[in-house]
Amino acid sequence: MTISAQSFTEPGQDDLADRARDHLWMPFTRHSVYYDGTGHVPVIVKGEGAYIWDDQGNRYLDGLSGLFVVQAGHGRKEVGAAMAKQAEELAFFPIWSYAHPRAIELAERLAHYAPGDLNRVFFTSGGGEAVESAWKLAKQFFKLTGQPTKHKVISRNIAYHGTPHGALSITGIPAAKIPFEPLVPGAVKVPNTNFYRAPEEYRHDEKTFGLWAAERIAEAIEFEGPETVAAVFLEPVQNSGGCFPPPPGYLERVREICDQYDVLLVADETITSFGRIGDMFAMNRFGVTPDIITCAKGMTSGYAPMGAMIVSDRLFEPFKHGTNSFLHGYTWGGHPVGAAAALANLDIFEREGILQHVRDNESGFRHTLEKLTDLPIVGDVRGAGYFYGIELVKDKVTRETFNDDEAERLLRGFLSKALFDAGLYCRADDRGDPVVQLAPPLIIGQTEFDEIEQILRSVLTEAWSIL
Ligand SMILES: Cc1ncc(COP(=O)(O)O)c(C=O)c1O
């Protein structure tokens, strides 16, 4: 369709929401709410520190760092300046058989931050592409090293790993996959580490539960045939379902199982890297070295789209000699302006001690959110670092959750909008049991923790009263 020159060239701020409704296709969004008169597209026009503003001048605390992205906070002029400088110097050149300084510097820096012998960086534009790359690398690696039947992957229920076909196969959320079936075959699911929803017999001992969950991976490998399984994909702290930390001993045992069966361990750190859990990579914090890390989001704090797959020297070895090459790549991978943004962002991390700030304040964040457990609707508060999920329940004693209709009314019908209207941007999610998720910029402290707690307290109290 055509639009009038006037509305194109002289946009009044007031009509931005209508123009969004009419032309913008928003991912994972039910557009009907903008057409049936009940909804209005929120238009965010500005960010500063931990706060964002909409086009009506209202201020919100960004309790989700955009989408688990804006670690260093909004409005960092020096990142913009580094990007502008790079755009003037060299806006684009591919790294397909060539290199440029920013991609080299960033690869070296990421290898330095990564655990163990993870030393080789393959750039993508985001997390889903990094996951896709990791599966493809695992397949090609085993083909090159004499185990050509190893191609399957194991991942966990309710985990989200992105939208490309391979990454979506790895994703463990049936509702997100059904419209696109058939997906890539060979993706097997095992239990996640939601201790709150652990089988009854393991509810009272996290360690035993963790070992039980890890053994389900060994069981799946045995069932599929170890000669067919290439990799296990997991997030150190699983996002979808509401922030499941690894129980003590879990990651160590998964590492042992992967070694035993010659299966690669892929840590999908799309969310958990770059300070979210108080280290550049959460796996550093948990003391376990995977074979591959996939990461994105916080690498640039959102100032540019960037992702990466970081792999061990061992996995790169077959590509070092002869005619072999990894037959895979993205035009934007290692983009000079994106890499400049990432380097400037990581400079801020170093200079301001952002990792230490998270470590110094994470227990304050936890304790502040745990105050909410006195509310009848709050069943569980869980997470790590600056990454928390609050599970909402109908009955705290029995842990009874909401049925689909109630969850729909609670989350979509009330909570998402009520929290936003009260000045807190965060996520009310029902991909697993209903949760409210928080992942604020890593620069905040007790004042903002209290603000988050007070808004949640008031809105969750109201939610309970209207149920
Ligand atoms: C763990 C994980 N993997 C992959 C992805 C996909 O990343 P992207 O949206 O950058 O493709 C996400 C996105 O949230 C994620 O949380």
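Two residues count as in contact if their C-beta atoms, placed from the backbone, lie within 7 Å. By that yardstick, 24 residues of domain 1 touch 19 residues of domain 2. The domains themselves, with bounds from an automatic or database assignment, cover 42-63 + 354-466 for domain 1 and 77-352 for domain 2, and their C-alpha centres sit 27 Å apart. On the domain 1 side of this contact, helix H15 (354-370) and strands S11 (378-384), S12 (387-392) and S15 (435-438) each chip in at least two residues; helices (H or I, at least four residues) and strands (E, at least two) are DSSP runs numbered from the N terminus. That side comes out as ten nonpolar, six polar and eight charged residues. Here Ala, Val, Leu, Ile, Met, Phe, Trp, Tyr, Cys and Pro are nonpolar, Asp, Glu, Lys and Arg charged, and the others, Gly among them, polar.

All of this rests on a predicted model, where local features need pLDDT of at least 70 and side-chain atom pairs count only at pLDDT 80 or more, while totals for chains, interfaces and linings use all residues. Residues are numbered from 1 along each chain as its sequence is written.

Turning to the ligand, 14 residues surround it, with Gly126, Gly127, Gly128, Gly162 and Thr270 coming nearest (a residue is near if its C-beta atom, placed from the backbone, lies within 6 Å). Helix H7 (residues 127-144) gives the most to this shell, three residues. By class, the shell holds four nonpolar, eight polar and two charged residues.

As for Ile310, its contacts beyond four places in sequence are Leu110, Ala111, Ala114, Leu118, Val121, Ile292 and Ile293.
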